[in-house]
Amino acid sequence: MLVFVARRIALAVVVVAGVTVVTFVVAHVVPGDPAATWAGPHAPAAAIARARAFLGLNRPFAVQLVSYLGGIAAGNWGVSIHTHRPVLSDLMTAAPASLELVISALVLAIVAGIPLGLLSARRQGRPVDHVVRAGSILGISMPIFWMALILQLVFSQRLKWLPAAGEYSPGLLFSHPLAKRTGFPVIDSVLGGNMPMLGSTLTHLILPAIVVAAYPAGLIARMVRAQVLDVIGDTHVLNARALGFGERQIFGRFAMKLAWTPVTAAIALVFGYSLVNTFLVESIFDWPGLGSYAAASIATLDTPAILGVTLFVAVAYVVANLVVDVVQAAIDPRIRLR
Amino acid sequence: MIESPAVRPPRTGVARGRELRASLGANPLLTVGGALVLLIVLVAIFAPLIAPFPGDAGTATNPFAVLKAPSAAHWFGTDQVGRDIASRVLFGARVSPVIAIIVLVIACLIGVPLGLAAGFLGGWVDEVIMRVTDVFLAFPPLLLALALADVLPASLTSVTIAIAAVWWPWYVRLIRGQAASVAGRPYVEACRALGISRGRIIFRHVLPNSVTPVLVQVSLDVGGVILTASALSFLGLGAQDPVPDWGLMVAQGEGYFTPDWWLVTFPGLAILLTAFAFNLLGDGLRDRLDPRRSFLP
């Protein structure tokens with residue numbers, strides 16, 4: 001097991017290094033001449049040459065790459081053009097809000113997706129199955145930026161059931177101030193025993209979490225159905241049938257047990273997807289996370305910030321995959337032997 | 001005449017027709033998806049004939065018909081410069097679905113040869129190609145496309161390049177697995193033993209036997225590419241006015257969303273319907289042609 005974990009960590013480090021090289025190439029090779037951009041429009045050749053020396057662009061490519069990698073490793077991710085602060089500290093400030101949103105969405109997606117997938121598998125070929133399959137495909141086909149706008153229109157503008165934007169009602173801060181401990185508003189209000197604030201944070205979370213959950217819920221329902229149908233003819237399931245277990249036990253317990261491995265792999269995958277999907281949703285819901293930061297960076301053409309977010313999310317994605325691999329190996333000994 | 005042709009079981013026309021009908025009944029989703037895709041293709045081809053105001057797909061402005069609610073004259077209402085939204089939505093079928101096709105053709109042109117080389121040749125070629133592929137696969141597709149689209153000038157060409165640049169690794173992985181499994185089969189061994197050249201083995205045997213999963217994956221990916229392209233246009237990194245791109249139309253309508261809900265609603269519905277249609281089709285095709293493939297997107 002230890003050897004397995006060590007090998008997976010080594011592989012993840014290699015992938016992260018590769019990911020950093022790709023962002024470097026995107027940043028420094030694709031867009032024409034950064035020195036000319038730095039010097040401004042119509043700059044004389046001497047000014048561009050000075051900018052090139054200042055930015056270190058006259059050094060050999062390999063030297064530039066190594067110094068960039070060194071900077072990233074040392075925590076120097078550049079300075080954002082629109083916030084004028086170090087990109088890494090901006091990202092650290094924004095990350096908790098996004099993680100709170102993505103984790104809530106994934107919990108929602110798992111809670112909805114697994115029972116629906118099981119139901120669909122049990123009623124294979126029946127109308128219920130067709131409805132669940134069509135619904136799950138609808139979930140993965142959803143342009144979520146559009147869904148966000150529509151839900152906002154219906155549930156907050158027209159019906160006035162739910163708040164339209166933000167993490168909590170700012171007015172509450174006067175009567176029930178929120179002590180920052182973890183940076184996650186929901187957890188902070190629980191820790192502080194701040195019940196009105198907890199209610200506010202949860203109602204603000206509902207709409208964005210549903211929107212971000214659309215894709216993972218569809219994907220998980222599909223996967224559970226497919227995996228369960230794949231193993232339903234296996235010997236251990238037949239054994240369970242012969243022993244007289246009911247259909248509910250056979251699907252929910254024996255078939256689902258084998259389906260867990262691919263389903264957890266899919267959850268790691270959709271964690272990365274969902275983190276990127278927040279780029280499309282957070283600015284609509286005025287949610288102060290990585291997505292709003294990315295959208296603002298895109299709007300101001302703030303390349304250091306955009307590449308910082310890219311790298312940050314890619315690293316988070318690699319780490320999520322690593323965690324899932326290790327958890328899977330702990331649950332399922334067959335994986336360790338591969 | 002030693003080589004066996006690509007496997008094609010003999011079938012009579014009658015039996016195939018009956019089989020087709022039976023399978024359509026068994027999988028209504030495939031039928032619905034196929035019909036919707038056909039409808040979208042027809043709309044794309046005949047947009048200039050169907051659209052009530054073809055000129056509105058371009059630079060036309062109608063200052064006296066700005067932000068009109070849906071009516072008999074304008075089924076989907078009009079936008080902030082008075083263009084007929086129904087016409088623009090119909091012409092939109094010529095934008096992102098076409099981008100999706102171009103992206104997937106490029107992805108296959110890069111991914112299939114690399115995957116064949118990795119799977120068939122093995123050894124260090126395989127090692128190098130797959131490690132590079134792994135790095136690209138470490139990015140969620142929209143993320144790297146976003147970074148690329150950011151440094152390229154905002155246009156549909158940039159969107160196409162950015163998405164194609166992140167999509168090919170999936171095809172390398174898919175084809176590599178297929179090619180590696182075919183390369184180990186006895187009939188390929190037999191070809192080698194007979195001294196048939198590598199190129200001929202790859203093109204006559206390995207490639208034809210790896211094509212089905214690629215076709216299934218392409219049909220499944222059209223929806224994903226359309227969603228990605230719309231998202232980039234929504235963020236302002238893709239299509240620019242007056243291109244009737246659905247994602248851009250949603251972004252432009254956002255500012256007028258309350259009370260003028262129709263600006264956002266109909267272009268978004270078009271994205272949803274198109275992605276849904278291709279995903280239904282791809283899902284159904286996979287069930288028919290390739291039931292044992294993994295179910296990751």
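In this predicted model, 44 residues of chain A are in contact with 42 residues of chain B. On the chain A side, quite a few helices chip in: helix 1 (2–28), helix 6 (127–140), helix 7 (144–158), helix 10 (195–231), helix 12 (247–281), helix 13 (290–299) and helix 14 (303–331) each bring at least two residues to the face that touches chain B. The biggest giver is helix 14 of chain A, with eight residues. As for make-up, this side of chain A splits into 34 nonpolar residues, eight polar ones and just two charged ones.

Chain B itself comes in two pieces according to its domain assignment, with domain 1 covering 28–92 and domain 2 covering 96–238. The C-alpha centres of these two domains of chain B sit 33 Å apart.

Then there is the buried interior. The largest nonpolar core counts 175 residues, and the members touching the most others are Ile144(A), Phe145(A) and Ile220(A) from chain A, along with Ala145(B), Ile163(B), Tyr171(B) and Val225(B) from chain B. Helix 10 of chain A puts in the largest share of this core, 17 residues. Both domain 1 (28–92) and domain 2 (96–238) of chain B are represented too, each with at least three residues in this core.

Tyr171(B), one of those well-connected core members, deserves a closer look. Setting aside neighbours within four places in sequence, Tyr171(B) is in contact with Ala107(B), Cys108(B), Gly111(B), Val112(B) and Gly115(B), and also with Val214(B).

Conventions:
Residues numbered from 1 in each chain as written. Chains lettered and ligands numbered in written order. Predicted model: local features only at pLDDT ≥ 70, side-chain atom pairs only at ≥ 80, totals over all residues. Domains from an automatic or database assignment. Contact = placed C-beta atoms within 7 Å. Helix = DSSP H or I, 4+ residues; strand = E, 2+ residues; numbered from the N terminus. Nonpolar A, V, L, I, M, F, W, Y, C, P; charged D, E, K, R; others polar. Core = buried A, V, L, I, M, F, W, Y, C linked by C-beta atoms within 7 Å. Buried ≥ 20, exposed ≤ 12 C-beta atoms within 10 Å, placed from the backbone.
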